[in-house]
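Hi there,

Here is the structure I promised to pass on to you. Have a look at it first, and then read on for what turned up when I went through it.

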Amino acid sequence: MNQPRNKKTKRTKHPSPIVLKQGQQEQVTPRRFSRGQFLLKLDAEGVYQCAVTGLIFEVSKAATIKYSLLSWSKYSDYIKEPWIVGGPIFDVTCTPTSVLASIQFPHTLCLNDHLSDTTFKVFHFKKDGPEFEGSADHSATHVKWQVSSLSPVGPVLQNRDPVYYHGVVLLYKVISDHPSLSFRVYVASNNDSFIKDVSKAVKLSSKKFIKIDKPPCQKLLQDGKKYRLISEPEAEITPEEIVFADDSLLKVKSYIEVYLEQPMDFTLSLIELDSEEIVWKAKLRECDWIQHMQNDNEKRRRTGCIKRRKTSSSLSEDEPYNKQVKYNYITDENQAKTVLTDKQLMILATKMGKDWKVIGIQCLNLTIEDIEQIEAKEEDINMYKCKMLRKWRDSEQNKGTAQHLYGCLNGSASHEVIEILKGFLERTQDHEETT
């Protein structure tokens, strides 16, 4: 940070918070494309924050911005002492380029009392090599950069001691026919580039995994500190202790393996050894993974069925018939047009959990603006959920059926919601068979 020009001033000024107050920047939801690409079409001059990545764009007029998360490991040869990774790295393009004035990158650090004496730069990888460009400013959550040109860019900071991170614990369960339980546990900074690296590594593994979502760390993670993962009841944990470090630059991420001989509910806790404080704790229940395991083969068969329907409106003659999954292959024209009623939607709404907003956005293609509109009027929480389902049904028109909703929610909604949908499907088919 530059010192004030007035020599009489003895102290460095505290940097002004750069993240605009709510209402001064518009929250926007990008379109998603393959390979993790995002697209924003901005209609006018202003400051816009991506609801998915946290990036904040300042444009002088209408613009189209494309961006995607990258891996820091690709640039590990260029990030050397005293610099360390400060947050996710992105590839950004803008049309027209000249209208993108600044980008604010989310960072993963907790600066505490070091807000004014922390030195951030922006790693900018150009055709002729990397540059470390000065940041315009920074706050407790973001690093602001005046755009010079566009290519891979991400925040870095000058190493200091201590470094505190907002942390996450990523849980992946091995899917197998064996009754025992085996998990990979990644302890990481809340850095989207790191999280994407882990997701990619899990997908490329010879084993098959299901991700189990749990809340992030309740307390900060400190670079160089020792942490221990413990289980109640006891489990085999390898290694039991780790020294935390941000592994964003490493291609292969380290993890902890947790193994239980018999399936059961259990609690994992991450403890900082020096203080013996619990920095993260989560209860893992059989329902977190059992539904996915039961429906795994069924889901693959349904996907295959959908692909076949692109060229044929009915099953092939040699398609095996399975009573257990018959609701996945309903093709009767009248049954397909049986749209869910308000009463059925309310039954489903009362069984949906706290994650209903996430399900609405991820599975039913609603936007954050849709959710905010639903919540605009103070009503019972179940009415909010029912209105969300109604909005989906009405947007789907003739496709707002139990069959279609089952396809959208299977693998994401609770076991109870899925079972209710199955019941709707079976009753609908029974009715068709008797008419």
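Which residues lie nearest the centre of the second largest pocket? Before I get to that, please keep in mind that this is a predicted model. The residues in question are L70, S71, S73, D197 and K200, and they belong to a lining of 17 residues. The volume of this second largest pocket comes to about 450 Å³.

As for where the lining comes from, β6 (63-70) and α1 (192-204) each give at least two residues to it. The largest share is that of α1, with five residues. In chemical terms, the lining of this pocket consists of eight charged, seven nonpolar and two polar residues.

**Salt bridges**

Since charged side chains have come up, here is what the search for their pairings gave. Side chains of opposite charge can pair when their charged atoms come close. Over the whole structure there are 14 salt bridges. Three of the pairs are described below, followed by a network.

In the pair of E133 and K126, the closest N and O atoms are 3.4 Å apart. How exposed or buried are the partners, E133 and K126? E133 has a relative accessible area of 12%, so it counts as buried, the cut-off being under 20%. K126, at 22% relative accessibility, is partly exposed.

K357 and E375 form another salt bridge, with 3.0 Å between the closest N and O atoms. This pair links distant parts of the chain, as its residues are 18 apart. K357 sits in helix α5 (residues 356-362), while E375 is in the loop between α6 (368-374) and α7 (381-396). Both ends are partly exposed: K357 has a relative accessible area of 35%, and E375 is at 28%.

The side chains of K422 and E419 also meet in a salt bridge, at 3.1 Å from N to O. Why are these two separated by about one helical turn? Because they are three residues apart in helix α9 (residues 415-434). K422 is buried, with a relative accessible area of 10%, whereas E419 is partly exposed at 35%. Elsewhere, D342, R390, R393 and D394 are joined into one network by salt bridges that share partners.

**Cysteines**

How many disulfides does a search of the whole structure find? The number is zero. Two cysteines whose surroundings you may want to look at are C94 and C110: C94 is buried at a relative accessible area of 5%, and C110 is buried too, at 13%.

**One side of α4**

In helix α4 (residues 342-351), the buried residues are L345, L348 and A349. They lie on the same side of α4, because the arc they cover around the axis is only 105 degrees.

**Backbone points to check**

The last group concerns the backbone. Most residues other than glycine have a negative phi, and most peptide bonds are trans. Here are four places that depart from this pattern, starting with the peptide bonds.

- The bond from E232 to P233 is cis, its omega being near 0 degrees. P233 is found in the loop between β20 (226-232) and β21 (236-238).
- T238 and P239 are joined by a cis peptide bond as well, with omega about -10 degrees. P239 belongs to the loop between β21 and β22 (241-243).
- E276 is not a glycine, yet its phi is positive, near 60 degrees. Its place is in the loop between β24 (266-272) and β25 (277-284). At 64% relative accessibility, E276 is exposed.
- N365 is not a glycine either, and has a positive phi of about 60 degrees. N365 is in the loop between α5 and α6. With a relative accessible area of 64%, N365 is exposed, since exposed means over 50%.

In case you would like a short route through all this, I would begin with the pocket and the residues nearest its centre, including D197 and K200. From there you could go to the link between K357 and E375, and then to the two cis bonds, before P233 and before P239.

Happy to talk it through whenever suits you.

Best wishes

Technical notes:
Residues are numbered from 1 along each chain as its sequence is written. This is a predicted model: local features need pLDDT of at least 70, side-chain atom pairs count only at pLDDT 80 or more; totals for chains, interfaces and linings use all residues. Side-chain values use heavy atoms; hydrogens and water are left out. On a 1 Å grid over the protein atoms alone, a cavity is a set of points where a 1.4 Å probe fits but cannot get out, and a pocket is an open set with protein on both sides within 12 Å along at least five of seven lines; lining residues have an atom within 4 Å of a point. Grid points are joined across faces, edges and corners, and a volume is the space filled by probe spheres set on the points. Helices (H or I, at least four residues) and strands (E, at least two) are DSSP runs, numbered from the N terminus. Ala, Val, Leu, Ile, Met, Phe, Trp, Tyr, Cys and Pro count as nonpolar, Asp, Glu, Lys and Arg as charged, and the others, Gly among them, as polar. A salt bridge is a side-chain nitrogen of Lys or Arg within 4 Å of a carboxyl oxygen of Asp or Glu. Buried means under 20% relative accessible area, exposed over 50%, partly exposed in between (1.4 Å probe, protein chains only). A disulfide is a pair of cysteine sulfur atoms within 2.5 Å. The arc is that of the directions from the helix axis to the C-beta atoms.
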